[in-house]
Amino acid sequence: MSRTGYRTCADQVRITPSLRSQKGSVWTKTTVNFDNWEAEVTFRVSGRGRMGADGLAIWFTTAQGLDGPVYGAADNWNGIGIFFDSFDNDGKKNNPAVLVVGNNGKLVYDHPNDGTTQSLGTCLRDFRNKPYPVRAKITYYKRTLIVLINNGFTPDKDDYEFCTKVDNMVIPQEGYFGISAATGGLADDHDVLSFLTFRLSEPGQELPPPEAEMPKQDKDKYQEEFENFQQDLDKKKEDYQKEHPDIQGQPIEDMYESVNDREIRQVFEGQNRIHLEIKQLHHQLAVILDEQRRYVSVATDEISKRQGESGGQVGQAPSQEMGAVVATQQEVLRNLNELRNSFYESLKQIGASQHQGNAVGMGTYETVQHFNDIKEHLHVVKRNIEHLITRNGNPSEKQVMNCPDPPPMPSCLGTTHFLVFVVIQSVLFFSYIMYKSQQEAAAKKFF
């Protein structure tokens with residue numbers, strides 16, 4: 001299989017900004033006529049919230065869906081749509097997700113159920129706020145559609161993972177490629193970095209003749225549209241600066257958060273969360289240390305009291321056992337102190353890296369070294385915790401404290417005493433029987 005490439009979108013385009021209830025789309029000017037094709041789209045979806053909305057869509061349809069309710073494009077499309085849905089409308093916690101939905105021009109998209117009742121294929125992929133751009137590769141070859149996703153965790157452009165596959169799929173041969181996005185009550189920035197399309201053919205197959213160059217009349221028309229758009233944009237910038245003289249001279253781009261600023265902010269938010277977790281662990285360790293000190297103090301007082309009460313051999317064994325308990329508690333106390341010091345060093349390292357990052361930015365050698373130091377301290381903390389759990393969870397036989405056996409009770413009842421007791425009981429029993437018989441005989445005289 002060979003492919004011929006066509007660059008559809010060369011520059012980065014922001015389809016929708018991170019404002020509520022926005023939508024937009026970008027479409028090819030002319031149709032393409034491919035039997036088999038492949039599209040590679042590179043994009044970013046980023047926002048400040050834990051959840052985003054609504055999502056982004058990649059299209060191949062017979063008509064340009066310039067505006068509409070389906071991720072910023074028209075409904076009742078004729079073709080195929082690959083949807084990157086970031087908002088969970090049906091509340092089933094199955095978003096963010098990637099869906100493939102086909103339409104013959106008569107289907108109305110099922111928004112309340114996130115299109116799950118109409119999807120031909122789907123996979124769960126989190127494509128928001130990734131360190132690197134997310135890439136989607138959509139291949140349509142011999143009536144089979146395959147979607148591969150690069151999650152944006154690594155800079156490797158070819159690190160694709162399988163998402164979904166749809167067999168026996170018939171779509172129009174001629175149509176427009178497009179990409180659209182929309183926001184709702186929540187909002188994300190939807191940026192497209194590149195959109196590449198390829199014609200696929202079998203090896204040795206004769207390729208169709210290249211398309212004729214765009215007529216000069218169309219070129220002049222598009223150039224005139226671009227110049228008019230640029231003039232309108234410059235005029236709006238001038239009007240805005242006249243209405244806001246306090247920010248006159250300040251580039252408008254500086255008012256918005258750049259990609260690098262967003263990445264730095266995300267790094268520091270992660271550092272703050274780590275800092276809070278370590279502070280909480282530090283506080284819990286302090287409480288445990290106080291409890292251990294109290295246990296050691298109580299055990300020491302008990303040993304002193306027992307030694308004062310019994311100065312002979314009788315209290316020697318319990319004293320040795322209590323000494324072993326105190327030694328174990330002191331070792332636990334020493335390990336906890338080391339653990340607390342490790343947490344304290346980690347807190348200092350995180351604070352230093354945050355201070356330096358605010359002063360000179362990220363990416364310097366010193367900042368990288370601080371992160372390595374933090375990582376090393378966290379490894380030390382982990383080893384100490386595992387060692388502590390091992391010692392306290394699997395104590396040796398010497399550390400198992402058993403209560404001493406009680407002394408044997410002295411025998412207070414001899415044979416003579418037992419016989420006397422039996423005789424007395426027998427006499428009392430027979431006396432009671434005789435008394436009862438006399439009472440019954442006296443009672444019979446009255447009848």
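**Close-up views of selected side chains**

**View 1. Aspartate 85, a buried acid without a salt bridge.** Aspartate 85 is buried (under 20% relative accessible area, 1.4 Å probe, protein chains only) but has no salt bridge (a side-chain nitrogen of Lys or Arg within 4 Å of a carboxyl oxygen of Asp or Glu); arginine 128, the nearest side chain of opposite charge, is 9.8 Å away. Here Lys and Arg count as positive and Asp and Glu as negative, while His and the chain ends are not counted. The model is a predicted one, in which local features need pLDDT of at least 70 and side-chain atom pairs count only at pLDDT 80 or more, whereas totals for chains, interfaces and linings use all residues. Residues are numbered from 1 along each chain as its sequence is written, and side-chain values use heavy atoms, without hydrogens and water. You will find aspartate 85 in strand β7 (residues 78-85); strands are DSSP runs (E, at least two residues), numbered from the N terminus. Its side chain makes a polar contact of 3.4 Å with the side chain of asparagine 95. Such a contact is a pair of N or O atoms within 3.5 Å; within protein, one must be able to donate a hydrogen and the other to accept it, and residues adjacent in sequence count only if both atoms are side-chain atoms.

**View 2. Arginine 128 paired with aspartate 188.** The closest N and O atoms of this salt bridge are 2.8 Å apart. Arginine 128 sits in the loop between β9 (121-124) and β10, and aspartate 188 in the loop between β13 (174-182) and β14, so the pair ties together parts 60 residues apart in sequence. Both arginine 128 and aspartate 188 are buried.

**View 3. Arginine 14 and aspartate 191 in a salt bridge.** Their side chains meet at 2.6 Å, N to O. Because arginine 14 belongs to strand β2 (residues 13-16) and aspartate 191 to strand β14 (residues 189-201), the pair ties together parts that are 177 residues apart in sequence. Arginine 14 is partly exposed (between 20% and 50%), at 37% relative accessible area, while aspartate 191 is buried at 1%.

**View 4. Threonine 139 in strand β10 (residues 134-141).** This threonine is buried, with a relative accessible area of 11%. A polar contact of 2.8 Å joins the side chains of threonine 139 and glutamate 38. Beyond its neighbours within four places in sequence, threonine 139 is in contact (heavy atoms within 4.5 Å) with residues including Trp37, Ile146 and Leu200.

Key. Helices (H or I, at least four residues) and strands (E, at least two) are DSSP runs, numbered from the N terminus.
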